[in-house]
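The exercises below are to be worked with the sequence and the coordinates at hand. Each task is followed by a solution in steps.

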Amino acid sequence: MIVMDITIQSSFLPQDDPDAALVFYRDILGFEVRNDVGYGGVRWITVGPPGQPGTSIVLYPPSATPGVTEDEQRTIAEMMAKGTYGIITMATKDLDGTFERLQASDAEIVQEPTEQPYGVRDCAIRDPAGNLIRINQLP
């Protein structure tokens, strides 16, 4: 068997309001802003957890994706509004403390910390664009 040395460098989540996304990821979750690029009236914002420079989330404007038709853009917008388009799972050593801070920030709570039947304790929130964020409790 060949062992590959591959890591996840960045993942992409759509955003439809860069200022709201910046407040959420930087001010509420405490992520570092690694890049904030504007072009043609839209912005791509790269954020990531402090102390983990090799892991980032790029918050991108889905309307700027090449080759996406207006009908597809409408479908993406509808899915974002329902929270069924972008999903990411994060993890923390202090799920209860993290949840309390999120709840105090008026983040949209989807699920309070819960023991899942598949063996994970987690909670779920939505970011300003509607992306579902699950946060797992680390051992």
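**Exercise 1.** Is Asp-106 buried or exposed?

Solution. The model is a predicted one. Begin with the location: Asp-106 is found in the loop between α3 and β6. Next, take the relative accessible area, which is 70% for Asp-106. The cut-off for exposed is over 50%, so Asp-106 is exposed. Last, check the backbone: the phi of Asp-106 is positive, about 70°, although the residue is not a glycine.

**Exercise 2.** State the number of helices and strands in the protein, and give their order.

Solution. Count the elements: the protein has three helices and eight strands. Then read them from the N terminus on, which gives β-α-β-β-β-α-β-α-β-β-β.

**Exercise 3.** Which radius of gyration would a compact globule of 139 residues have, and what does the protein have?

Solution. For 139 residues, the rule for a compact globule predicts a value near 14 Å. The protein has 16 Å, which agrees. For the extents, take the principal axes: the C-alpha trace spans about 45 × 45 × 30 Å along them. Contacts add a further view of the fold: of those with a separation of 6 or more, 45% are between residues 24 or more positions apart.

**Exercise 4.** Describe the surface and the charges of the protein.

Solution. Start with burial: 35% of the 139 residues are buried. The exposed area of the protein is about 8600 Å², and carbon and sulfur atoms supply 53% of that area. For the charges, the protein has 10 positive and 20 negative ones. The mean positions of these two sets are 3 Å apart.

**Exercise 5.** How many of the residues of strand β4 are buried, and which lie on each side?

Solution. Strand β4 covers residues 56–60, and five of its five residues are buried. To assign the sides, recall that side chains in a regular strand alternate between the two faces of the sheet. In β4, Ser-56, Val-58 and Tyr-60 are on one side, while Ile-57 and Leu-59 are on the other. Both faces of β4 are therefore covered, since all of these residues are buried.

**Exercise 6.** Trace the strand pairing from β1 through β4 and β3 to β2.

Solution. Step one: β1 (residues 10–14) runs parallel to β4, and five bridges join them. Within this pair, Ser-10 has Ser-56 as its bridge partner. Step two: β3 (residues 42–48) runs antiparallel to β4, with three bridges. Here Thr-46 is the bridge partner of Val-58. Step three: β2 (residues 32–39) pairs with β3 in the antiparallel sense over seven bridges. Thr-46 appears again in this pairing, where Asn-35 stands opposite it. Step four: β2 and β3 form a hairpin with two residues between them. Gly-40 in that turn has a positive phi of about 60°.

**Exercise 7.** Which residues of helix α3 are buried, and against which elements do they pack?

Solution. Helix α3 spans residues 95–104, and its buried residues are Leu-95, Gly-97, Thr-98, Phe-99 and Leu-102. These buried residues pack against the helix α1 (18–28) and against the strands β5 (87–92), β6 (108–115), β7 (121–126) and β8 (132–137). After α3 comes Asp-106, with its positive phi near 70°.

**Exercise 8.** Where do Pro-61 and Pro-49 lie, and what is each in contact with?

Solution. Pro-61 is in the loop between β4 and α2 (70–82). The relative accessible area of Pro-61 is 6%, and the cut-off for buried is under 20%, so Pro-61 is buried. Apart from its neighbours within four places in sequence, Pro-61 is in contact with Gln-15, Val-42, Arg-43 and Trp-44. The C-alpha atom of Pro-61 is also 8.4 Å from that of Asp-17, although the two residues are 44 apart along the chain.

Pro-49 lies in the loop between β3 and β4. At 16% relative accessibility, Pro-49 counts as buried as well. With neighbours within four places again left aside, Pro-49 is in contact with Phe-31, Glu-32, Arg-34 and Thr-55. Between Pro-49 and Leu-29, 20 residues apart in sequence, the C-alpha to C-alpha distance is 8.6 Å.

Key:
Residues numbered from 1 in each chain as written. Predicted model: local features only at pLDDT ≥ 70, side-chain atom pairs only at ≥ 80, totals over all residues. Heavy atoms only, no water. Helix = DSSP H or I, 4+ residues; strand = E, 2+ residues; numbered from the N terminus. Rg over C-alpha atoms; globule rule 2.2 N^0.38 Å. Buried < 20%, exposed > 50% of the residue type's maximum accessible area, 1.4 Å probe, protein only. Contact = heavy atoms within 4.5 Å. Areas by Shrake-Rupley, 256 points an atom, 1.4 Å probe, with all protein chains shown as cover. Lys, Arg positive; Asp, Glu negative; His and termini not counted. Charge placed at Lys NZ, Arg CZ, Asp CG, Glu CD. Pairing = 2+ DSSP bridges.
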